[in-house]
2 protein chains.
Amino acid sequence: MNKEDQVIEGFRELYNKLAWLNKSKMEIALKGHKPSEVHCIEYIGKHADANVTKLAERFYMTRSAISKIAKKLMEKGLIESYQRPENKKEIYFKLTEQGEAVSRIHEELHNAFRERDKAVFEQVTEAQYDSMLRFVERYSSHLEAEIKKHGVERSAETDD
Amino acid sequence: MNKEDQVIEGFRELYNKLAWLNKSKMEIALKGHKPSEVHCIEYIGKHADANVTKLAERFYMTRSAISKIAKKLMEKGLIESYQRPENKKEIYFKLTEQGEAVSRIHEELHNAFRERDKAVFEQVTEAQYDSMLRFVERYSSHLEAEIKKHGVERSAETDD
DNA sequence: CGATCTTTGTTGACGAGGAAACAAAATCGC
DNA sequence: GCGATTTTGTTTCCTCGTCAACAAAGATCG
């Protein structure tokens with residue numbers, strides 16, 4: 001296997017491990033709330049006027065899925081919806097006090113993960129950070145361009 | 001946001017984009033086969049005596065899920081199972097000729113992805129590869145250790 | 001050897017998310 | 001302004017993967 005594949009495979013593996021491990025911890029600390037629910041809470045907490053469409057785009061999920069999650073979060077009393085008088089179509093979300101509490105727990109957990117992995121990151125030099133960030137940035141915008149292209153293809157093949 | 005979080009967030013974002021984009025392409029090229037089915041085919045093709053348990057560990061999935069995927073792959077005639085006379089419990093899998101064909105298509109697609117992203121990787125120096133691989137390796141084994149620890153915790157809380 | 005525990009694989013019920021069809025509001029084109 | 005199209009959100013149906021319970025075959029230990 002060449003280095004290119006090693007990097008991709010390595011990061012994929014790393015990502016899976018990290019997701020799996022953190023998910024387990026999350027489940028314990030945020031019992032009763034699904035990971036995707038917590039993600040939505042976090043986004044809503046950080047972005048004013050979040051709505052179903054924005055959340056869907058952010059998490060690469062369908063509006064359908066987000067709609068259901070939002071419904072559940074409202075039933076739990078973690079978020080509430082509001083509208084603007086000038087727009088009766090879009091429905092925005094904001095956190096309730098209870099939602100803020102969950103958000104804070106999540107933030108603390110995030111810090112705990114950082115603390116847990118501190119030893120690894122302490123060994124990373126500034127130059128390495130910059131190198132990796134440049135790589136991520138370059139690869140990401142490359143894929144973004146491909147997704148745009150692909151989007152065009154998709155709309156041209158709606159009837160296949 | 002500090003560089004540590006930027007790197008993690010950046011790679012998460014990158015990973016999501018890559019997965020989303022490749023999944024779309026896969027769906028077109030390997031119509032009729034789900035991503036997880038293709039993953040299993042690939043593993044079975046590359047590892048002699050693959051069984052449900054090994055596949056589950058490899059993909060961080062439950063034996064239950066793999067069992068169902070294997071069942072489907074057998075119904076499709078892409079894999080076949082065999083046993084050893086000295087062990088009547090374990091069930092191993094191998095690809096059929098048809099399964100090999102799917103595996104080859106997948107391999108070609110993999111090459112196509114590499115070709116698509118070549119421009120990005122051409123700009124990466126040997127030193128950068130090594131730096132990233134060291135990072136992945138270090139982080140990965142750190143998490144591996146944490147998972148082991150966590151595994152111990154888990155078996156101690158089976159009755160919660 | 002025989003009883004108990006562990007490992008391996010399967011099944012059924014369930015929950016999460018996607019696809020498609022839909023309603024309602026906004027926007028565009030004239 | 002008015003019809004056609006687009007955008008936004010919801011609901012229904014379906015598939016995938018998990019969890020729990022289970023059966024069957026090893027492994028362990030007296």
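These legends describe close-up views of a predicted model with two protein chains, A and B, and two DNA strands, C and D.

**View 1. Confidence along chain A.**
Chain A has a mean pLDDT of 87, and 92% of its residues reach 70 or more. Among the elements of chain A, strand 1 (residues 50–51) has the highest mean pLDDT, 98, and helix 7 has the lowest, 78. In residues 152–160 of chain A the pLDDT is below 50. Beyond near neighbours in sequence, this stretch has 5 contacts in the model.

**View 2. The interface of chain A and chain B.**
Each chain brings residues to this contact: 56 from chain A and 56 from chain B. Together the two chains bury about 6,100 Å², with 64% of that area on carbon and sulfur atoms. Which three residues of chain A supply more of the area it buries against chain B than any other three? They are Tyr15(A), Lys17(A) and Tyr60(A), which supply 11% of that area.

**View 3. Salt bridges and polar contacts between the chains.**
Across the interface of chain A and chain B there are 10 salt bridges. One of them joins Arg58(A) to Glu13(B), and the closest N and O atoms of this pair are 3.8 Å apart. Between the two chains, 19 residue pairs are in polar contact, counting pairs with both residues at pLDDT 80 or more. On the side of chain A that touches chain B, two or more residues come from each of helix 1 (3–29), helix 5 (97–116), helix 6 (118–122) and helix 7 (126–156). The residues on this side of chain A divide into 21 nonpolar, 12 polar and 23 charged.

**View 4. The protein surface near DNA strand C.**
Around DNA strand C there are 24 residues, and those that come nearest are Ser64(A), Lys68(A), Lys88(A), Thr53(B) and Ser67(B). Of the strand C atoms within 4 Å of the protein, 63% belong to sugar or phosphate, and the rest belong to bases. The residues of this surface are 6 nonpolar, 8 polar and 10 charged.

**View 5. Side chains at the bases of DNA strand C.**
Three side chains are shown with base atoms of DNA strand C. An N or O atom in the side chain of Ser64(A) is 2.8 Å from a base nitrogen. For Lys68(A), the side-chain N or O atom is 2.2 Å from a base oxygen. Lys89(B) has a side-chain N or O atom 2.9 Å from a base oxygen of the strand. The elements that give two or more residues to the surface near strand C are helix 4 and strand 3 of chain A, together with helix 3 (52–59), helix 4 and strand 3 of chain B.

**View 6. The protein surface near DNA strand D.**
Of the 24 residues around DNA strand D, the nearest are Thr53(A), Ser67(A), Ser64(B), Lys68(B) and Lys88(B). Sugar and phosphate make up 65% of the strand D atoms that come within 4 Å of the protein. At least two residues of this surface come from each of helix 3 (52–59), helix 4 (63–75) and strand 3 (87–95) of chain A, and from each of helix 4 (63–75) and strand 3 (87–95) of chain B. By type, the residues near strand D are 6 nonpolar, 8 polar and 10 charged.

**View 7. Contacts with the bases and phosphates of DNA strand D.**
What part of DNA strand D is 3.1 Å from an N or O atom in the side chain of Ser64(A)? It is a base oxygen. At Lys72(B), a polar side-chain atom lies 3.2 Å from a phosphate oxygen of strand D. At Lys88(B), a backbone N or O atom lies 2.8 Å from a phosphate oxygen of strand D.

Note on methods. Residues numbered from 1 in each chain as written. Chains lettered and ligands numbered in written order. Heavy atoms only, no water. Near = heavy atom within 4 Å. Polar contact = N/O pair within 3.5 Å; in protein donor to acceptor, adjacent residues only side chain to side chain. Helix = DSSP H or I, 4+ residues; strand = E, 2+ residues; numbered from the N terminus. Nonpolar A, V, L, I, M, F, W, Y, C, P; charged D, E, K, R; others polar. Contact = heavy atoms within 4.5 Å. Buried area = accessible area lost by both parts, 1.4 Å probe. Salt bridge = Lys/Arg side-chain N within 4 Å of Asp/Glu carboxyl O. pLDDT = per-residue confidence, 0-100.
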